[in-house]
Structures are given as structure tokens and as C-alpha cells.
Amino acid sequence: MAKRWINRPDGSNWGEFGDMDVLGRMNLLTAEKVMQGIAEVREGRNFCLSLPLDFPGGAVANPRRRPPRLFGAVLGDQCFHNHIREVPQGRMRSVVCDDAVLLSTQYSTQWDSLAHVGAEFDADGDGNAEIVYYNGWRGGKDVVTPPARLDAEEWARYEGVTAGPLGIDGMAASCVQGRGVMVDLHRHFGRAQHWVSYDDLMRILEQDKVDVERGDMLCLWTGFDDLLLEMNKQPDGERLHGSCAGLDGSDERLLRWITDSGVAALISDNRAVEILPPRPGATTTIHEHCLFKQGIPLGEQWLLSPLNAWLREHGRSRFLLTAPPLRLPGAAGSPVTPVATV
């Protein structure tokens, strides 16, 4: 197959894992990396790192993302929830509950796939920018949006979208297991909104004696998960959009560190890992740098508080992290129920 790009974006690693690569930095979760994660398991204690999937509540955080709607499964005029099954006389009748869900894949605790953010970029070198994603996969050819079905309900008008080769199902099949590393940003900045710079992060890593190595999955705890839980599905927009720390996507040295560190994933309990919208005049974002240029998936709105508290109490920062997304073909994102084991 012909190479999909002639030009690649400045600061990108396109082609590092092969011209057909769809996993990006997930390729660094090797057998050795899994064993490094397993080596961090000393007590056999597990932590669920997912919020309930109906948090944050409402649509204040992102108006195009809605809370899940759970339905009883229906066949004909029968609802198969508390459904009594007919059986031969003399046998106890069994009862069945089946259900269905309408779910925004990036509403609550989630992974962003590498198809979540692309760019208009002249990958062909012909002077014309086209829609491209990580490693040159093309919008319209690989990542496809079907024509609108105007006779359908609003939410169903574009049924059949696909992220194609960059769909979250490829990441799911890779299993997503390795060593997680926790950085406690809340300890240093509290709940005040703070744009975390390269200097900030390096100081914290040194002060807290946190080592980050190639192939680690880096988790950033900001206290935002506790804030969401306190608001109990009634989020206040001002607090939601103006609280807690996040990475500063305009800091070029921070972006270079993300590249050079070799982290396999960036994860946070906050809304977007970084603070969005970006600073005025910023030339890029963490999302563009990680998803589009480097192939680094982003985990957002994870429940990190209990794990962080345990790690701090025990003087640790590393753990085994297991976090495959749903194996939903073609999806650009996915809910996830990660598990940390210490």
C-alpha cells in the first residue's frame, strides 16, 4: 500500500511504529512493561478508577454530550425487564431483565481514541490541506461520516459513523495494561485553577520523588473527581470550568517533555487533561499534540482520589493499571472502568 503522507506535522512521530500503525504509544505497552506493572503489586488491593457513568450530570460540562439513558429491552409489545417467562406446568417461572442504553461515549470516565482529534494539514505536499488524523489516516476515507438521515431523530441522524482503523476497538484489543504512575497536582495547587507548566511539573516530580519512564501511563490527580462527586450530578458551570489544575498546552517545553518522556498515555481526573479553551495565542493544544501528532491516548474524568490517597499514605507512586476501553468497532471514544492494583 502506498504511503499515506509525504509531509508529517512538525513535532510528530508519524511512521515511528510503521506506516500502517493505529495504536501510537500504546505500542510501548510491551510484555516487559506489563511485568513492570505486575512488579508493583504487593498487597493485591484493587481500586476502581471509574466514576459512575451518569456523572458529571446534565450537559453543563459539554452540551453535545448527554447522560446515559437506560431502557428495558423490548420485543414487540413486551418489555423484557421483570419479564416472567412462561414454562411448562410444575416448573418455577423464571424472571428476566434485559436492558439497552443510549450512551455518549465520552460523557464520564473515558478514553479518547486517536480519531478524537485530527487537523487540516497538507499531508500530500500538494499545497492543499485535508482532514487527517494520527499517522496520516484520512477523514472521509478512513474516518467516515455518513450523510445525514433527516427523517431520523436528532441523535440518530448520523448513525453509522466510524473511526475506521483508528477506532477504539483496536486499543481495546491491545488490552491496555502496564505500569501507571501517579502525580499529585492537588497537593501543590489545591482546587484553584492552575495552568501546569513544564517548570511546575518538573518541580513536582523532583519534590515528590516521582520517576516517569518510557511506556508508563501517567496519571494526574487534581481533585476534580472529588469536586464532581460533591456536586452530585447537579454541576455548577462556574466551578466546573474554573477549578483545579490542568496541563498548559501552550507551553512548548511541556509538549517536548511529553514527546521525549515516552509516556504511553496521559490520564487525569479533570475534564480534558489540559485546561480548555487554550490560552489566547496558543498555537496548539495537548489534545492536538498527543492524539494527532504523537499517538498518545488521553484518559479523562477518571476517579483517582482514593488511589492517590492510598499511594501517598504508603509512600508510593506506581501501580499496575488495567484499562481496556469497550471493544466497540469504529468508536472515537469509550467509557472505561479502569482498575489499579497495588
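**Figure 1. The largest pocket of the predicted model and the strands that contribute to its lining**. In this predicted model, strand 7 (99-102) and strand 18 (333-335) each supply at least two residues of the lining of the largest pocket. The pocket holds about 1600 Å³ of space, and its lining is made up of 37 residues, among which Leu103, Ser104, Thr105, Trp155 and Val161 lie nearest the centre. Sorted by class, the lining of this pocket comprises 19 nonpolar, 11 polar and seven charged residues.

**Figure 2. The largest cavity and the residues closest to its centre**. Rolling a probe the size of a water molecule over the atoms shows where empty space is left. When the whole structure is searched, three cavities of 30 Å³ or more are found, and the largest cavity has a volume of about 140 Å³. It is lined by 13 residues, and those closest to its centre are Gln193, Ser243, Arg271, Glu274 and Ile275. The lining of the largest cavity consists of seven nonpolar, four polar and two charged residues.

**Figure 3. The second largest cavity and its lining**. This cavity contains about 80 Å³ of space. Its lining includes Val22, Leu23 and Met26, together with Ser113 and Leu114, and it also includes Pro165, Leu166, Gly167, Ile168, Gly170, Met171 and Pro297. By class, nine of these lining residues are nonpolar and three are polar, while no charged residue is among them.

**Figure 4. Arginine 316, a buried residue without a salt bridge**. Arginine 316 is found in the loop that runs between helix 9 (305-313) and strand 17 (318-322). What is the nearest side chain of opposite charge to arginine 316? That side chain belongs to glutamate 40, which is 4.1 Å away, and a salt bridge requires the side-chain nitrogen to be within 4 Å of a carboxyl oxygen, so the pair does not count as one. The side chain of arginine 316 nevertheless reaches the backbone oxygen of glutamate 40, at 2.4 Å.

**Figure 5. A salt bridge between helix 7 and helix 4**. Side chains of opposite charge can pair when their charged atoms come close. In the structure as a whole, the count comes to 17 salt bridges. One of them joins the side chains of arginine 253 and aspartate 199, at 2.8 Å from N to O. This pair links distant parts of the chain, for arginine 253 belongs to helix 7 (residues 252-261) and aspartate 199 to helix 4 (residues 198-207), 54 residues apart. Arginine 253 is partly exposed, with a relative accessible area of 37%, and aspartate 199 also counts as partly exposed, at 45% relative accessibility.

**Figure 6. A salt bridge within helix 4**. Arginine 203 forms a salt bridge with aspartate 200, and the closest N and O atoms of the pair are 3.7 Å apart. Both residues lie in helix 4, where they are separated by three residues, about one turn of the helix. Arginine 203 is partly exposed, at 33% relative accessibility, whereas aspartate 200 counts as buried, at 14%.

**Figure 7. A salt bridge between two loops, and a network of salt bridges**. The side chains of aspartate 248 and arginine 279 meet in a salt bridge, at 3.0 Å from N to O. The pair links distant parts of the chain, with aspartate 248 in the loop between strand 14 (245-247) and helix 7, and arginine 279 in the loop between strand 15 (265-268) and helix 8 (286-294), 31 residues apart. Aspartate 248 counts as buried, at 7% relative accessibility, while arginine 279 is partly exposed, at 34%. Elsewhere, Lys33, Arg179, Glu213, Asp216 and Arg318 are linked in a network of salt bridges.

**Figure 8. Helix 8 and the glycine that follows it**. Eight of the nine residues of helix 8 are buried, so this helix is largely enclosed by the rest of the structure. The buried residues are Ile286, His287, His289, Cys290, Leu291, Phe292, Lys293 and Gln294. Just after helix 8, glycine 295 takes a positive phi of about 70°.

Note on methods: Residues are numbered from 1 along each chain as its sequence is written. Side-chain values use heavy atoms; hydrogens and water are left out. On a 1 Å grid over the protein atoms alone, a cavity is a set of points where a 1.4 Å probe fits but cannot get out, and a pocket is an open set with protein on both sides within 12 Å along at least five of seven lines; lining residues have an atom within 4 Å of a point. Grid points are joined across faces, edges and corners, and a volume is the space filled by probe spheres set on the points. Ala, Val, Leu, Ile, Met, Phe, Trp, Tyr, Cys and Pro count as nonpolar, Asp, Glu, Lys and Arg as charged, and the others, Gly among them, as polar. Helices (H or I, at least four residues) and strands (E, at least two) are DSSP runs, numbered from the N terminus. Buried means under 20% relative accessible area, exposed over 50%, partly exposed in between (1.4 Å probe, protein chains only). Lys and Arg count as positive and Asp and Glu as negative; His and the chain ends are not counted. A polar contact is a pair of N or O atoms within 3.5 Å; within protein, one must be able to donate a hydrogen and the other to accept it, and residues adjacent in sequence count only if both atoms are side-chain atoms.
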